Amino acid sequence: MTDLRLRFLSGDDIAALRLGPDEVLGAVEDGLRAHGLGRVVMPPKHHLSLEQRHHGHFNILKGYVEQLDLAGVKVIGDYLDNHLLGLPSELALLTLYRADSGAPLAIMDATELTWMRTGAVTAIGARLLARRGSRTLGHIGARGTARYNLPYLDHLFDFDTIRVTSRRAESRERFAAEMTELLGKPVIAVAGVEETVAGADIVVDASRLAEEETLLRTEWLAPGALVMPYGAVRSTDPGLPLEASKFVVDDWEQAAASEFGQYYHVIAAGQLRREHVHAEIGEIVAGTAAGRERDDELIVFWHRGFAVSDIAIGALALRRAEQAGVGTEVVYARGLRPI
């Protein structure tokens with residue numbers, strides 16, 4: 001007879017682990033490399049849409065990572081009006097399982113972990129696709145993931161200038177003040193997108209819109225800029241991927257299948273196709289495809305987030321929690337017998 005135990009990690013438990021940028025970047029990069037080498041199983045994410053009722057939807061992400069021998073499932077809500085309830089727009093729960101038996105290993109608050117892994121993919125993409133010596137960052141949006149985009153990007157590039165904007169003045173001012181204190185350098189809040197991205201080497205579009213709207217126009221971008229949009233609704237010029245020197249995605253199958261994604265309608269209309277994709281980011285991490293090759297390339301990296309990154313950072317959190325005795329161990333099932 002067998003007892004099965006699992007570890008529950010709350011948001012406070014995750015915070016107590018104090019996961020540093022280098023270990024987060026390392027774990028997520030290993031996951032991207034595994035994806036690029038085909039050493040994962042990852043169906044496209046699914047959705048439960050409540051947009052017409054509550055301006056929100058759920059994303060269901062699932063996958064398996066060979067090198068970790070772990071499977072994982074994450075459910076994350078994305079609700080546009082959560083700020084009116086005093087909540088972040090995204091709230092997530094991640095479960096991890098032994099791949100050899102299906103036995104559950106952990107349940108954890110994945111809200112902060114989602115922000116971390118998104119920030120890590122943004123930073124890793126910039127390291128491979130931005131110009132060397134990039135000095136200026138323009139960031140659109142101030143939601144949860146932005147709180148890791150800026151620190152992780154600055155950790156790699158040590159920017160001279162960081163400009164941020166968001167639709168709500170109180171949001172961008174608060175975010176700029178928090179980041180100024182955290183980074184120990186000025187982070188400038190500006191009202192308009194054009195002013196934010198003017199002359200920027202790296203542009204991140206982390207906006208969250210209810211309906212498609214062109215916030216970021218291609219003509220505002222500096223020559224040779226790297227642009228990384230990842231909102232659930234299109235906010236850039238629809239033709240931006242076609243005008244870019246290189247268009248990179250995290251996973252094309254997922255991008256083409258999901259109704260929630262920056263360029264979904266452009267894909268559904270047949271205007272943006274697999275042939276327009278230079279590479280998936282995992283292929284560039286693995287060295288089987290080139291990253292930036294010239295300073296004058298306009299590169300677009302559209303990442304939507306996938307289960308492999310969640311499993312990679314979840315495995316890191318679980319390992320650290322077990323080492324430190326953090327979290328709550330509970331009995332999942334007692335006295336199990338073969339049936």
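# A guided look at a patch, a pocket and a cavity

Visitor: Where does leucine 91 lie?

Guide: In this predicted model, leucine 91 is part of strand S6, which covers residues 90-98.

Visitor: Why is leucine 91 called partly exposed?

Guide: Its relative accessible area is 39%. Buried means under 20% and exposed means over 50%, so leucine 91, at 39%, is partly exposed.

Visitor: What makes Leu84, Leu85, Leu87 and Leu91 a patch?

Guide: Residues of a patch need over 30% relative accessible area, and nonpolar side chains are joined within 5 Å. Leu84, Leu85, Leu87 and Leu91 form such a nonpolar patch on the surface, and together they have about 410 Å² of accessible area. For leucine 91 you can check the value yourself: 39% is set against the cut-off of over 30%.

Visitor: Which residues have a positive phi although they are not glycines?

Guide: Histidine 55 is one of them, with a phi of about 55°. It lies in the loop between helix H3 (51-54) and S4. Aspartate 69 is another, with a phi of about 50°, and it lies in the loop between S4 and S5.

Visitor: How do you know whether histidine 55 and aspartate 69 are buried or exposed?

Guide: Histidine 55 has 37% relative accessibility, and aspartate 69 has 35%. Partly exposed is the class between 20% and 50%, so histidine 55 counts as partly exposed, and so does aspartate 69.

Visitor: How do you know that there is a cavity here?

Guide: Rolling a probe the size of a water molecule over the atoms shows where empty space is left. A cavity is a space where the probe fits but cannot get out, and the count comes to one cavity of 30 Å³ or more. The largest cavity has a volume of about 280 Å³, so it passes that cut-off. It is lined by 23 residues, and Lys45, Asn59, Glu90, Tyr230 and Arg304 lie nearest its centre. Strand S4 (56-65), strand S5 (70-79) and helix H4 (111-129) each give two or more residues to this lining, with the largest share, four residues, coming from H4. By class, the lining has six nonpolar, 10 polar and seven charged residues.

Visitor: What makes a pocket something other than a cavity?

Guide: A pocket is an open set of points, whereas from a cavity the probe cannot get out. The largest pocket has a volume of about 740 Å³. Of its 29 lining residues, Ala142, Arg143, Ser166, Arg168 and Ser171 are the closest to its centre. The lining of this pocket divides into 12 nonpolar, 10 polar and seven charged residues.

Conventions. Residues numbered from 1 in each chain as written. Predicted model: local features only at pLDDT ≥ 70, side-chain atom pairs only at ≥ 80, totals over all residues. Heavy atoms only, no water. Patch = residues over 30% accessible without salt bridge, like charges linked within 9 Å, V, L, I, M, F, W, Y side chains within 5 Å. Areas by Shrake-Rupley, 256 points an atom, 1.4 Å probe, with all protein chains shown as cover. Salt bridge = Lys/Arg side-chain N within 4 Å of Asp/Glu carboxyl O. Buried < 20%, exposed > 50% of the residue type's maximum accessible area, 1.4 Å probe, protein only. 1 Å grid on protein atoms, 1.4 Å probe; cavity = no way out; pocket = protein on both sides within 12 Å on 5 of 7 lines; lining within 4 Å. Points joined across faces, edges and corners; volume = space filled by probe spheres on them. Nonpolar A, V, L, I, M, F, W, Y, C, P; charged D, E, K, R; others polar.
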